[in-house]
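Q: Got a minute to go through this one with me? I'd like to talk about the strands, the helices and how far to trust it all.

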Amino acid sequence: MTRRVSDVMTSGVRTLGPQEPLRLAARLMKELNVGSIPICKGDRLIGVVTDRDITIRAVADGLNASTPIAEVMSVAPKYCFDTDPIEQASAMMQQLQIRRLPVIDGEDKLVGIVTLGDIAVRGGEDNASRTLASISTPAEPARPLEMPAQERRQTDPPAAWALAQAHWKL
């Protein structure tokens, strides 16, 4: 029997609205230990905000923590249906090199999220291994294996954390 996304997905996901502040999204990610939050109008998926969106589109551009999520979220996110076979969701993750997909039902309502972890734990090792291998293919240009010591010092995690705390008033 073909396993469906609904068999492995995480349901009951927390969502936020597009006018909520980035601070709330970051706090919710911390509380839930997740890297993305679906953004909905009612129960309709309109976007996704990720920890990367907050870092690259907000912090890097000097936006403050009260900025509405709508200003930095990824719009028109890729998604799958709860009735899709696991293999189809896995193939989409491979093609797009992403680790999670929102899941909608036949009425276009958000019903969950399926992650690489969900597929690995509940969907079979073969699927997870293939998906992870495709997702993990480095983007071009190729990254150097060793970062020079001077560059490492410039990106010292404690210093970066201190800057983030000051900026976001954490």
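What follows is a chat about this model, topic by topic.

Q: Before anything else, what kind of model is it, and what's the average pLDDT?

A: It's a predicted model. The protein averages a pLDDT of 81, and 71% of the residues score at least 70.

Q: Where does pLDDT stay under 50?

A: Over residues 149–158. For that stretch the model has 3 contacts beyond four places in sequence. Where pLDDT is low, the predicted coordinates shouldn't be read in detail.

Q: OK, strands. Which sense do strand 2 and strand 3 pair in?

A: Antiparallel, over 6 bridges. Strand 2 is residues 36–41 and strand 3 is residues 44–50. One pair to look for is K41, which stands opposite R44 in strand 3.

Q: And how many residues sit between them in the hairpin?

A: There are 2 residues between strand 2 and strand 3, and G42 in the turn has a positive phi of about 70°.

Q: What else does strand 3 pair with?

A: Strand 4, residues 74–75, which runs antiparallel to strand 3 and is joined to it by 2 bridges. G47 has V75 of strand 4 as its bridge partner.

Q: Why call strand 3 largely enclosed?

A: Because 5 of its 7 residues are buried, strand 3 is largely enclosed by the rest of the structure.

Q: Take T50 then. Buried or exposed?

A: T50 is buried, at a relative accessible area of 15%; the cut-off for buried is under 20%. T50 belongs to strand 3.

Q: What does T50 touch?

A: Leaving out residues up to four places away in sequence, T50 touches M29, G35, S36 and R100.

Q: M29 is in a helix, right at the topic I wanted next. Which residues of helix 2 are buried?

A: In helix 2, residues 22–32, the buried ones include L22, A25, L28 and M29. Down the helix axis they fall within an arc of 125°, so they line one face of helix 2. An α-helix has 3.6 residues a turn, so residues three or four places apart point the same way.

Q: What's on the other side of helix 2?

A: R27, K30 and E31, which are exposed. Just after helix 2, N33 takes a positive phi of about 55°.

Q: And helix 3, which residues are buried there?

A: D53, I54 and A58 are buried in helix 3, which covers residues 51–59. Viewed down the axis of helix 3, its buried residues fall within an arc of 95°, so they line one face of the helix.

Q: How do helix 2 and helix 3 cross?

A: Their axes come within 10 Å and cross at roughly 145°. The crossing of helix 2 and helix 3 is left-handed. On the helix 2 side the contact is made by L22, A25, A26 and M29, and on the helix 3 side by D51, I54 and A58.

Q: Switching to the open sheet: what's the strand order?

A: It's 1-7-6-5, with 4 strands and mixed pairing. Strand 1 and strand 5 (80–81) stand at the edges with a single partner strand each, so one side of each has no neighbour in the sheet.

Q: Walk me through the pairings. Where do strand 1 and strand 7 meet?

A: Strand 1 (residues 10–11) and strand 7 (residues 110–115) are joined by 2 bridges and run antiparallel. S11 stands opposite G112 in strand 7. Strand 6, residues 100–104, pairs with strand 7 in the antiparallel sense over 5 bridges, with P102 opposite I113.

Q: And strand 5 with strand 6, parallel or antiparallel?

A: Parallel, over 2 bridges. C80 stands opposite V103 in strand 6.

Q: What lies across strand 5, strand 6 and strand 7?

A: Helix 4, residues 86–96, which runs at about 135° to strand 6.

Q: Last bit: what's in the loop between strand 6 and strand 7?

A: G106 is one of the residues there. At 74% relative accessibility, G106 counts as exposed. G106 is 25 residues from F81 in sequence, and their C-alpha atoms are 7.3 Å apart in space. This hairpin has 5 residues between its strands, and D108 takes a positive phi near 60°.

How values were computed: Residues are numbered from 1 along each chain as its sequence is written. This is a predicted model: local features need pLDDT of at least 70, side-chain atom pairs count only at pLDDT 80 or more; totals for chains, interfaces and linings use all residues. Side-chain values use heavy atoms; hydrogens and water are left out. Buried means under 20% relative accessible area, exposed over 50%, partly exposed in between (1.4 Å probe, protein chains only). Two strands pair if DSSP finds at least two bridges between them. The arc is that of the directions from the helix axis to the C-beta atoms. Contact means heavy atoms within 4.5 Å. Axes are lines fitted to C-alpha atoms, for helices over the stretch in contact, and angles run from 0 to 180 degrees between N-to-C directions. pLDDT is the predictor's confidence in each residue, from 0 to 100. A crossing is left-handed if the near helix is turned anticlockwise from the far one by less than a right angle, and right-handed if clockwise.
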